[in-house]
Structures are given as structure tokens and as C-alpha cells.
Amino acid sequence: METVPARTIVTRTKSGGWFGTEYNMNLYRGCCHGCIYCDSRSACYHIEDFGQVRPKADALAIVRDDLRRKTRAGVVATGAMSDPYNPLERQLCLTRHALELLAAFGFGVAIDTKSGLVARDCDVLTEVAAAMPVLVKFSFSTWDDALAARLEPGAPPPSARFAAMERLAREGLYTGAVLMPVLPGLTDTRETVQELVRRVAAAGGRFCYCWPGVTLRTGSREYYYAALDREFPGLRERYQRRYGDRYRCLVPGVRRFWECFTGVCTTYGLPWEMAAITAGYRAGYEGQLSLFAER
């Protein structure tokens, strides 16, 4: 099996990081979900053969040593550039064993995934949550399995993610949805967002975060447009007329979309702002976070 060399894996994030995390951890490089909109294909990241998943060599030993050297405990994010629950994880269990290390060294975790395999690790996540915050974010572009098969052909279906969310919620873990991206002309209808939020609430999700658009830049734009030509003929031309070479491509009528999204979240009692979600999953751990701030 081909591996990727690494000298460090658990790295410090910028102050006030994504969902309040202090560290980032990627155990794998590449992703086999095949999402047509994936920003990680952008040329600026310089990831060759992005569709091939490769574990990092000696990953667990590096994670152990990284954690041992940290002077401040905190929440470690994983899943930013590569899904930690890709198919290789079933056999390698790198993510599972890394979670065990986080528990042993007193760190929390924030997971971003499209896979129901995360439910396998409910026992370890519960162990982490006994002392430090745990956040599990399931990523969605749509709730519809048939449409998802065209947008994310290698990813587990949304229905599997909702089932895993329900199991984690039953275990008392703080879980919910990240609705990103919202694809103009494909997943930006009122009915789509209302049904997705309804399903999150039905599965016991505690939040729903959204960014109402898609990002396109050199590398990812070309891949996305080729997929539109193949799967949704004529839509590419509409994008080019509306967005040109713009990076941030917000959905048409973004204000109405946002009112719909926040309205349905309010109906189901789900927070949608990152600050509120961060406060929610870290609630009750203030003492532990303060106690271990300096190790």
C-alpha cells in the first residue's frame, strides 16, 4: 500500500478556528468520494492524484508524539481535506486508534465526515466525551440519495449518514449537519433545504450549519464544469454567464434562501450560527478546558 511521508500530523490552527477547534489532524491524503464540487481539487493545494486515498506513514506514532509534545490541550479537528472514514479506514482503523490517543492524552475532537462508519467508533467517542468536547458533523449537499449519487458518486448515501447521526445522537454525542456546498441550480430550492433540515431534526441532530453557495477556482472549477456537462447539460453555461471566474458563487436570491434556511432551523430548534454551535458542543467542559489549558 502506498503511503505518504509526514513529520507532523496534529498541527495548531489559527486562533478562533473552524468550530472553535485548536488543532487539525489529517491521517490520510486524498479522497475517493468523487464529489464533483470538491474544493480540495484546487490547484493551490498541490495534491496529485487527489482521488487516491493514501494513509500517512507511521501516522499513529506521529500523532502520539505530537500530542505528547503539546503544552495546551484542546479540540482536534479531522476531516478538513480527507474524510477520516474512507474505505481504507475499515481495515486500517487509523482514525479509531487516533481517537483512542486523543482520549488518553485528554484532547477533544471535531469530526467532519460523509460516512456512516463513524458510528462504529461510538464507544471511543463516548470515552473522549467523558472528559472533553466531541462534535460530529455530517456533510451534506442534498438529502436525496439519487441526486447524491450524481453529485458524490463515491460517497456513502445521505440516508446512511442520517442513520449514523441517529445512532450517535442516541449515545448522547453532539452531532448535526453541515450543508455545504449549496449548488446553484441543483440543491438551492426551498423544498430541498426544508426537507434536509427536517431530516436532521428527525435523526436527533443538534444543529445545521450552512454556507449558501459553492467555491470554484482553478482546478476545482474545471472538474466541476466537466461534471455539469456530463450530468446536467446546459447548466455550465448558466454558471459561466452568472459567475465568470468568481471564487465565491452564491446561490441566486441568497437572501430569500437564507431566510428559508434560518426559518426552518428555528422551527425545529436547531442553531445555525457557528458561534452557537461551538458553544453548544463545548458546554459543560469549561472546567476541563481551563484545567488542561497549560499542560
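# A tour of pockets and salt bridges

Select glutamate 286 to begin; its place is in helix H12, residues 286-291. This is a predicted model. With 51% relative accessibility, glutamate 286 counts as exposed, because exposed means over 50%. Now add phenylalanine 162 to the selection. The two residues are 124 apart in sequence. In space, their C-alpha atoms are 30 Å apart.

**Next stop: arginine 150**

Select arginine 150 in helix H5, which covers residues 145-151. Buried or exposed, or partly exposed? Arginine 150 counts as partly exposed, at 35% relative accessibility. Show what this residue touches. Leaving out residues up to four places away in sequence, arginine 150 touches Ile36, Glu231 and Phe232. Then pick alanine 276, which is 126 residues away from arginine 150 along the chain. A line between their two C-alpha atoms spans 33 Å.

**Into the largest pocket**

Turn to the largest pocket, with a volume of about 1,000 Å³. Which residues lie nearest its centre? Select Asp39, Ser40, Ala80, Asp112 and Met180. In total, 40 residues line this pocket. Strands E2 (23-25), E5 (75-78), E6 (108-113), E7 (134-140) and E10 (213-215) each give two or more residues to the lining. Colour the lining of the largest pocket by class: 18 residues are nonpolar, 14 polar and eight charged.

**The second largest pocket**

Move on to the second largest pocket, which holds about 320 Å³ of space. Its lining has 19 residues. Select Ile9, Asn24, Asn26, Arg29 and Lys56, which lie nearest the centre of this pocket. Strands E1 (10-12), E2 and E3 (28-29) each give two or more residues to the lining. By class, the second largest pocket is lined by eight nonpolar, seven polar and four charged residues.

**A bridge at aspartate 39**

The whole structure has 18 salt bridges. Zoom in on arginine 217 and aspartate 39, whose side chains meet in one of them, at 2.9 Å from N to O. Arginine 217 is in the loop between E10 and H8, and aspartate 39 is in the loop between E3 and strand E4 (54-55), so the pair ties together parts 178 residues apart in sequence. Arginine 217 is partly exposed, with a relative accessible area of 23%. Aspartate 39 is buried, at 18%.

**A bridge within one helix**

Go to helix H1, residues 59-69, and select aspartate 65 and arginine 68. The closest N and O atoms of their salt bridge are 3.5 Å apart. About one helical turn separates the pair, because they are three residues apart in H1. Aspartate 65 is partly exposed, at 25% relative accessible area. Arginine 68 is exposed, at 51%.

**A network of bridges**

Select arginine 120 and glutamate 89. Their salt bridge has its closest N and O atoms 2.7 Å apart. Arginine 120 is in the loop between E6 and helix H4 (122-129), while glutamate 89 is in helix H2 (residues 89-92), and the two are 31 residues apart. Arginine 120 is partly exposed, at 26% relative accessible area, whereas glutamate 89 is buried, at 0%. Widen the selection to Glu89, Arg96, Glu100, Arg120, Asp121 and Asp123: salt bridges that share partners join them into one network.

**Last stop: arginine 221**

Finish in helix H8, residues 220-231, at arginine 221. Arginine 221 is buried yet has no salt bridge. Which side chain of opposite charge is nearest? Aspartate 245 is, at 4.4 Å from arginine 221. Salt bridges need the atoms within 4 Å. Leaving aside neighbours within four places in sequence, arginine 221 is in contact with Leu216, Gly244, Asp245 and Arg246.

Methods:
Residues numbered from 1 in each chain as written. Predicted model: local features only at pLDDT ≥ 70, side-chain atom pairs only at ≥ 80, totals over all residues. Heavy atoms only, no water. 1 Å grid on protein atoms, 1.4 Å probe; cavity = no way out; pocket = protein on both sides within 12 Å on 5 of 7 lines; lining within 4 Å. Points joined across faces, edges and corners; volume = space filled by probe spheres on them. Helix = DSSP H or I, 4+ residues; strand = E, 2+ residues; numbered from the N terminus. Nonpolar A, V, L, I, M, F, W, Y, C, P; charged D, E, K, R; others polar. Buried < 20%, exposed > 50% of the residue type's maximum accessible area, 1.4 Å probe, protein only. Lys, Arg positive; Asp, Glu negative; His and termini not counted. Contact = heavy atoms within 4.5 Å.
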